[in-house]
Amino acid sequence: MDDLESGYDDIQRSTSTGDLRQVIVSVQRFHILLLEKPRNAVLREHGRRLLIPLYAFTLMRALAKKVDATPWEKQLSLHRLIIDVLKHGILMLRSRR
């Protein structure tokens with residue numbers, strides 16, 4: 001989970017600076033890290049094939065429309081929730097052993 005925490009911190013840091021390119025790179029990185037968690041090569045590969053072009057398009061569109069980092073800043077709590085839910089699930093699995 002440390003990698004997701006680090007990814008979340010990167011999103012938080014980049015939204016606070018307002019660097020749109022870095023925001024989108026950090027959000028993409030977070031979601032790619034999430035894809036790697038199950039250690040499923042098929043999921044990872046197909047996910048990357050979707051996410052990389054999606055975030056490239058997102059960046060192009062955001063730059064063209066002169067969007068700032070606000071939309072991603074508003075979603076920070078959702079990224080935090082993803083980490084918290086995963087941690088909770090891991091704790092639940094461990095307690096069943």
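**Figure 1. Ser26 is buried, with a relative accessible area of 2%.** Buried stands for under 20% relative accessible area, exposed for over 50% and partly exposed for values in between, with a 1.4 Å probe and protein chains only. The model is predicted: local features need pLDDT of at least 70 and side-chain atom pairs pLDDT 80 or more, while totals for chains, interfaces and linings use all residues. Residues are numbered from 1 along each chain as its sequence is written, and side-chain values use heavy atoms, without hydrogens or water. Ser26 belongs to helix α2 (helices are DSSP runs of H or I with at least four residues, strands runs of E with at least two, numbered from the N terminus). Its side chain and that of Ser14 are joined by a polar contact of 3.1 Å. A polar contact is a pair of N or O atoms within 3.5 Å; within protein, one must be able to donate a hydrogen and the other to accept it, and residues adjacent in sequence count only if both atoms are side-chain atoms. With neighbours within four places in sequence left aside, Ser26 is in contact (heavy atoms within 4.5 Å) with Asp10, Ile11 and Ser14.

**Figure 2. Helices α1 and α2 with their buried residues.** Helix α1 covers residues 2-17, 16 in number, and reaches 23 Å from its first C-alpha to its last, close to the 22 Å expected at 1.5 Å a residue. The expected span is 1.5 Å times one less than the number of residues. Leu4, Glu5, Gly7, Tyr8, Ile11, Ser14 and Thr15 are buried in α1, and the buried residues of this helix pack against α2 (20-36), α4 (70-74) and α5. Just after α1, Gly18 has a positive phi of about 80°. Helix α2 has 17 residues and reaches 25 Å between its first and last C-alpha, close to the 24 Å expected at 1.5 Å a residue. Its buried residues include Leu20, Val23, Ile24, Phe30 and Leu35. The buried residues of α2 pack against α1, α3 (41-64), α4 and α5.

**Figure 3. Surroundings of Thr15 in helix α1.** Thr15 has a relative accessible area of 6% and is buried. Its side chain reaches the backbone oxygen of Gln12 at 2.9 Å. Apart from neighbours within four places in sequence, Thr15 is in contact with Val23, Ala69, Trp72, Glu73 and Leu76.

**Figure 4. A salt bridge between Glu5 and Lys87.** The side chains of Glu5 and Lys87 meet at 2.6 Å, N to O. Glu5 lies in helix α1 and Lys87 in helix α5, so the pair ties together parts that are 82 residues apart in sequence. A salt bridge is a side-chain nitrogen of Lys or Arg within 4 Å of a carboxyl oxygen of Asp or Glu; by this rule the count comes to 7 salt bridges. Glu5 is buried at 17% relative accessibility, whereas Lys87 is partly exposed at 33%.

**Figure 5. A salt bridge between Asp10 and Arg29.** The closest N and O atoms of Asp10 and Arg29 are 2.6 Å apart. The pair links distant parts of the chain, with Asp10 in helix α1 and Arg29 in helix α2, 19 residues apart. Both ends are partly exposed: Asp10 has a relative accessible area of 21% and Arg29 one of 34%.

**Figure 6. A salt bridge within helix α3, between Arg49 and Glu45.** The closest N and O atoms of the two side chains are 3.2 Å apart. Arg49 and Glu45 are 4 residues apart in α3 and so are separated by about one helical turn. Arg49 is exposed at 53% relative accessibility, and Glu45 is partly exposed at 39%. Elsewhere, salt bridges that share partners join Glu5, Arg80, Asp84 and Lys87 into one network.

**Figure 7. Two loop residues with positive phi, Arg39 and Lys66.** Most residues other than glycine have a negative phi. Arg39, in the loop between α2 and α3, has a positive phi of about 55° although it is not a glycine. Lys66, in the loop between α3 and α4, has a positive phi near 55°. Arg39 is exposed, with a relative accessible area of 75%, and Lys66 is exposed at 73%.

**Figure 8. A nonpolar surface patch made by Leu78, Leu81 and Val85.** The patch has an area of about 280 Å². Leu81 lies in helix α5 (residues 76-96) and is partly exposed at 48% relative accessibility.

Conventions: Patches are made of residues with over 30% relative accessible area and no salt bridge: like charges are joined within 9 Å, nonpolar side chains (Val, Leu, Ile, Met, Phe, Trp, Tyr) within 5 Å. Accessible areas come from the Shrake-Rupley method with a 1.4 Å probe; for residues, only the protein chains shown count as cover.
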